[in-house]
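Me: I am new to this structure and would like to understand how its descriptions are arrived at. Could you take me through the reasoning, term by term?

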Amino acid sequence: MAAGFLGRLNLRVLLVIILLVVAVHYLITPFVSERFRHATEDEDHARILVKPEVAASAPPAAVVAAPAYDWSKFSPYDPPPRTERRAKACFVILVRNSDVHDMRVTMRQLEDRFNKDYNYPYVFLNNEPFSDEFKQLTSSMASGNTSYGLIPKEHWGYPPWISQQKAAETREKMKDIIYGSSESYRHMCRYESGFFYRHPLMDQFDYYWRVEPGVDFLCDIRYDPFMLMQERQLKYGFTISLHEYRDTVPTLWKTTREFMDKYPQHVAKHNTLPWVTDQALTDYNMCHFWSNFEIGSVKWLRSEQYTAYFDFLDQSGGFFYERWGDAPVHSLAVAMFLRKEEVHWFEDIGYFHGPFYNCPNPKALNQHCHCNPKDSLHLSGWSCTKAWGELPDTPKA
Ligand SMILES: Nc1nc2c(ncn2[C@@H]2O[C@H](COP(=O)(O)OP(=O)(O)OP(=O)(O)O)[C@@H](O)[C@H]2O)c(=O)[nH]1
Ligand SMILES: [Mg+2]
């Protein structure tokens, strides 16, 4: 009897507790979701989703107390120990809402292979407002903060000097070339050539790492590539280089030569033009860094030289009257403005953007990868990486 009475009493207490929990839940839910809404929806979608657990957490146990590492002796075979130092750097990703699932595949790998230990932030950019679904599914994947920027109309559209009629005729004429008939692809290429680094969300960063939805990261990255860029004063880093389709850039070289004639002061004395042309600057050999992967200096892209070059190209109309890609544009800028020592091949970063791989060949580098070194593009005739390596070093002053 007594046990039955106690049992009934416990049941009553349990019911009251459950009712209390449900009531409290309903009372606080509107405030919590309201807070989330404000954190993600801003006029320009530029508010940052802060990860309190990242901001507040103590450094992981494996972190070494700031040893004086000599970055001039950096080698991927013997990577520097992880410290608490970070560069002012972010991943920057131009992406559509519909790419959210490919985006997550890539982010998962980037986190597992690198960023879970470094917590660098992500900047997502889009010509349309990001959906709540996109923001939720990407912020939940990131160990660093995420921010979502809407591209201003002036950066994704026709500038006033472009004839839209002529642009449409070009697309018709070029319809047999890859993306030749696409209008949005041209806006994308122009944006990646001249605008992504000018988005206000990029103001706080010194270095960017360009990422695309759907690409794969195939090796553990056992050091901080951003710190390598910073400490070695590198301006541009790549994984894959190859030859461009000539039909997409018929007058890019002629226009680039006109630029060099008009602004000879912008061309570096010890440039890397021999990588893209002969001594007489006769023609462009189509070598370029594949820009779907880039780690670069924001300051360099915002420099007077690069700005003058982009503006000159933009005025000529080739982004719309041909189909100039951001990859050859960035690459020709590297060739004109940078010394060999300011550019770095990330041989050790295993990377796949269909249909090409960068996969480290040396066993010591490949042992933390899941790719076949034989598939690496740098071994094929399509690649220009060997030629890059054979460029002479800059003479010592
Ligand atoms: N927001 C937005 N992003 C775009 C658009 N077009 C392309 N992108 C992004 O721009 C980058 C380059 O576009 P891709 O279509 O991958 O161009 P690609 O690498 O030359 O071509 P693929 O071989 O098809 O990958 C990717 O990060 C895309 O997600 C667009 O119209 N809007
Ligand atoms: Mg792509």
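**One helix and its two faces**

Reply: The face of α3 that is turned away from its buried side carries the exposed residues H101, R108 and D112. This is a predicted model, in which local features need pLDDT of at least 70 and side-chain atom pairs count only at pLDDT 80 or more, while totals for chains, interfaces and linings use all residues. Residues are numbered from 1 along each chain as its sequence is written, and chains are lettered from A and ligands numbered from 1 in the order in which they are written.

Me: What makes a residue of α3 buried or exposed?

Reply: A residue is buried if 20 or more other C-beta atoms, placed from the backbone, lie within 10 Å of its own, exposed if 12 or fewer do, and partly exposed in between. The buried residues of α3 are M103, T106, M107, L110 and R113. They cover an arc (of the directions from the helix axis to the C-beta atoms) of only 140°, and therefore lie on the same side of α3.

Me: How do you know that the span of helix α3 agrees with its number of residues?

Reply: The expected span is 1.5 Å times one less than the number of residues, so the 14 residues of α3 (residues 100-113) should span 20 Å, and the end C-alpha atoms are indeed 20 Å apart.

Me: Against which elements do the buried residues of α3 pack?

Reply: They pack against α4 (132-139) and β6 (216-217), where helices (H or I, at least four residues) and strands (E, at least two) are DSSP runs, numbered from the N terminus.

Terms used. Two residues are in contact if their C-beta atoms, placed from the backbone, lie within 7 Å.
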